[in-house]
Amino acid sequence: MMTDSSGLAAAGNMAVNGERLWDSLMEMARIGPGIAGGNNRQTLTDADAEGRRLFQSWCEDAGMTMGVDRMGNMFMRHEGEDPTLDPVYIGSHLDTQPTGGKYDGVLGVLAGLEVIRSIRDMEIRTRRPIVVVNWTNEEGTRFAPAMLASGVYAGMHSEDYANTRQDAEGKTFGDELDRIGWRGTEEVGGRPMHAMFEYHIEQGPILEAQGKQIGVVTHGQGLWWLQVTLTGKEAHTGSTPMNMRVNAGLGMARIIEAVHRIAMDHQPNAVGAVGQANVYPNSRNVIPGKAVFTIDFRSPDLQKLTSMRSDLESEAAVIAKKLGLDVEIEPVGHFDPVTFDPELVGTVRTAAERLGYSHMDIVSGAGHDACWINRVAPTVMIMCPCVDGLSHNEAEEISPEWAKAGADVLLQSVLDTAGIVR
């Protein structure tokens, strides 16, 4: 990937309209409100459809044209002076967690829109087209796995696999995409991409703790999501002797403890937890006969990531056997650690320095659509701080100044890469 030399330094001190960006974030947050100040705009819900329509209207007002593929990915194109050149993409997602914040993903999409609005305001012409993307189902809460549609785009999943994913009510991704009216006709994948930028909140405490305005993302952690199903025997909690119980809930507790210990044994740069867990029949006086829970292991070191999964599978088998439980472990999400494009990383770092923003290199602790797109095109991420590192929580917060700083770096980086026509 080559940065266009006609764009280098030509961006000067060009900046986005920070107030307009913030107003757009606040207006989008009115759609799918949560119960504690955040958002519940889960993928392929009516709220998601409404958010998409608002984004579409804003983009079309900014002179952009829309393409939608069969996974519902939205591609909003701003034309370049040479439409035959591969475009520069800016992408993230509009869907949220059930108790999500107003900025996770949304900041990256609306900052992309703001880049185009600012380019138009300043009457800048770029050699390459620029495309702003809303990737479908990044969160993966309603339909696992996460980054589902960008995964199909990058060839990691088939369309049939994606369309048959089910939510907790048994509704399928494909049926819900059709229901809300956002299945396009464009083939998934194969769009020419010169580069892709994703701007995102950090979702961790490092930038704020270090007093840095910009995170230059060099790598992304790899991930394993392992769904564990333990099967025992339902029985009365009061009348079943302790030595005759086959308690799936007890097995889950011991495996959860093992997850924590395994992650600690692989320090530094390794994490593990169980964030989703259910026991059945979930009655206060019935010993659980079944437990289903999901383990989340992450590390930027592939060897550690692989080792944590192997250790867990071995220990879970031992725990289950000791308690008389049957155990099944199914991988439901995975990607290897990511190294983002070194030249684009340099472009972002140079833009931050040019603008005088404090910055540091950082590894993304979360998965993002850029992790999949990095497999098919040169990709990089830009991060801004978030208060106390809090995310996937309605109390998630950033400042307008942080939002603008990252969007300024995004604007400069995109102009450097797309090339300014003098």
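## Exercises on a two-domain predicted model

Let's begin with a proline: Pro268 sits in the loop between helix H8 (248-265) and strand E9 (271-280). Helices (H or I, at least four residues) and strands (E, at least two) are DSSP runs, numbered from the N terminus. This is a predicted model, in which local features need pLDDT of at least 70 and side-chain atom pairs count only at pLDDT 80 or more, while totals for chains, interfaces and linings use all residues. Residues are numbered from 1 along each chain as its sequence is written, and side-chain values use heavy atoms, with hydrogens and water left out.

**Exercise 1. Describe the backbone at Pro268, Pro281 and Met147.**

Step 1. Start with the general rule: most residues other than glycine have a negative phi, and most peptide bonds are trans.

Step 2. Look at the bond from Gln267 to Pro268: this peptide bond is cis, with omega near 0 degrees.

Step 3. Move on to Tyr280 and Pro281, which are joined by a cis peptide bond with omega of about 10 degrees. Pro281 belongs to the loop between E9 and strand E10 (286-287).

Step 4. Finish with Met147, which is not a glycine but has a positive phi of about 50 degrees. Its loop runs between strand E4 (130-134) and helix H4 (148-153).

**Exercise 2. Work out how domain 1 and domain 2 meet.**

Step 1. Set the bounds: domain 1 is 5-221 + 337-418 and domain 2 is 222-335, with bounds that come from an automatic or database domain assignment. Their C-alpha centres are 34 Å apart.

Step 2. List the participants: 13 residues from domain 1 and 14 residues from domain 2 take part in the contact (heavy atoms within 4.5 Å).

Step 3. Find the buried area, which is the accessible area (1.4 Å probe) that two parts lose on being put together, summed over both. Between domain 1 and domain 2 this comes to about 950 Å², with carbon and sulfur atoms giving 67%. On the domain 1 side, Gln221, Pro337 and Trp372 supply 55% of the area buried against domain 2, more than any other three residues.

Step 4. Check for salt bridges (a side-chain nitrogen of Lys or Arg within 4 Å of a carboxyl oxygen of Asp or Glu): the interface of domain 1 and domain 2 has 0.

**Exercise 3. Trace a salt bridge between two helices.**

Step 1. Take the total: the structure holds 19 salt bridges.

Step 2. Pick one of them, Arg20 with Glu114, where the closest N and O atoms are 2.8 Å apart.

Step 3. Place the partners: Arg20 is in helix H1 (residues 18-29) and Glu114 in helix H3 (residues 106-121), so the pair, 94 residues apart, links distant parts of the chain.

**Exercise 4. Locate the annotated binding sites.**

Step 1. Read the record: an unreviewed UniProt entry annotates His93, Asp104 and His200 as "binding site". UniProt positions are given in the numbering used here, feature names are shortened, and annotations may be inferred rather than shown by experiment.

Step 2. Compare sequence with space: these residues span 108 residues in sequence, yet no two of their C-alpha atoms are more than 9.8 Å apart, so they gather at one spot.

Step 3. Add the other "binding site" annotation from UniProt (unreviewed entry), covering Asp104, Glu139 and His392. They are spread over 289 residues of sequence but cluster in space, with a largest C-alpha distance of 9.6 Å.

Step 4. Place two of the residues: Asp104 is in the loop between strand E3 (88-92) and H3, and Glu139 is in the loop between E4 and H4.
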